[in-house]
Amino acid sequence: MQTILVLHNLVRWLILLFGFWAIINAISGLTGKRPYSANDNRSNLLFMIFCDIQLLLGLILYFNNGWFNQLTSNAKVVMKDAALRFYTVEHTLMMILAIILVHIGRSSVKRASTDSQKHKRMLVYFGIAMLLILAAIPWPFRAGIGRPWFMSF
Ligand code: HEM
């Protein structure tokens, strides 16, 4: 489980990298009235792939590191404790919602008929997903729930 946790910590940085890259592409595409390119497609595909990998790693941690058991066996105690509630409910739900938005966003970009519509959809869906992700990461400065910036194997 330690290896999975280190990977989950590291993949966060790849998600942020590709997420910001996709958003910058969307903004530059909109402002520069640029056609939707292979580069735009690559950035949003990589963002989605790493979100999916993170979902898988997160689910493994959730079910194997006791979080799900705590929630089902002692929901009252979990809900009263900010740190337990964060990992069992808030982090998990917000991240799953963000990942669903990334998927909906990517398929709606594919269906858009004009290039400017594609950039706009990329910006809206991925922008909201990134805000959720940034809000639900247990940054080291967050009291009670903070985790390290980096972990090594
Ligand atoms: C974009 C998606 C996600 C990001 C960026 C993210 C990020 C993180 C980070 C940085 C940590 C702290 C790791 C550490 O201890 O250093 C963490 C912990 C955790 N995450 Fe996520 N996460 C995401 C999605 C998910 C999902 C979808 C789930 C569950 C289905 C999940 C479940 C967990 C759990 C259970 C922990 C606590 C692990 C433990 O200490 O046992 N995460 N996450």
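This passage walks through the overall fold, the ligand surroundings and one helix pair of a predicted model.

The protein chain is built from six helices and has zero strands, so its elements read α-α-α-α-α-α when followed from the N terminus. Along its principal axes, the C-alpha trace covers about 55 × 30 × 25 Å. Of the 153 residues in the protein chain, 25% are buried. Among contacts with a separation of 6 or more, 70% join residues that are 24 or more positions apart.

Turning to the ligand, 26 residues surround it, and those that come nearest are Asn9, Gly58, Asn65, Met95 and Arg147. Two or more residues of this shell are given by each of helix 1 (2–31), helix 2 (38–64) and helix 5 (82–111). Helix 2 makes the biggest contribution to the shell, giving seven residues. Sorted by class, the shell around the ligand holds 17 nonpolar residues, alongside seven polar and two charged ones.

Asparagine 9, one of the residues that come nearest to the ligand, offers a handy place to look more carefully. This residue sits in helix 1. Asparagine 9 has 17 other C-beta atoms within 10 Å, and because a residue counts as buried at 20 or more and as exposed at 12 or fewer, it is classed as partly exposed. Leaving aside residues up to four places away in sequence, asparagine 9 touches Phe150 and Met151. In sequence, 48 residues separate asparagine 9 from leucine 57, yet their C-alpha atoms are 9.8 Å apart in space.

Helix 1 also takes part in a helix pair. A pair of packed helices is described by the angle between the two axes and by the distance between those axes. For helix 1 and helix 6 (residues 115–136), the angle is about 145 degrees and the axes lie 8 Å apart. The crossing of helix 1 past helix 6 is left-handed. On the helix 1 side, the contact is made by Ile15, Gly19, Ala22, Ile23, Ala26, Ile27, Gly29 and Leu30. Helix 6 brings Ser116, His119, Lys120, Met122, Leu123, Phe126, Gly127, Met130 and Ile133 to the contact. Taken by class, the residues of this contact comprise 11 nonpolar, five polar and one charged.

Helix 1 thus appears in both parts of the description: this helix gives residues to the shell around the ligand, and helix 1 packs with helix 6.

Note on methods: Residues are numbered from 1 along each chain as its sequence is written. This is a predicted model: local features need pLDDT of at least 70, side-chain atom pairs count only at pLDDT 80 or more; totals for chains, interfaces and linings use all residues. Helices (H or I, at least four residues) and strands (E, at least two) are DSSP runs, numbered from the N terminus. Two residues are in contact if their C-beta atoms, placed from the backbone, lie within 7 Å. A residue is near a molecule or strand if its C-beta atom, placed from the backbone, lies within 6 Å of it. Ala, Val, Leu, Ile, Met, Phe, Trp, Tyr, Cys and Pro count as nonpolar, Asp, Glu, Lys and Arg as charged, and the others, Gly among them, as polar. Axes are lines fitted to C-alpha atoms, for helices over the stretch in contact, and angles run from 0 to 180 degrees between N-to-C directions. A crossing is left-handed if the near helix is turned anticlockwise from the far one by less than a right angle, and right-handed if clockwise.
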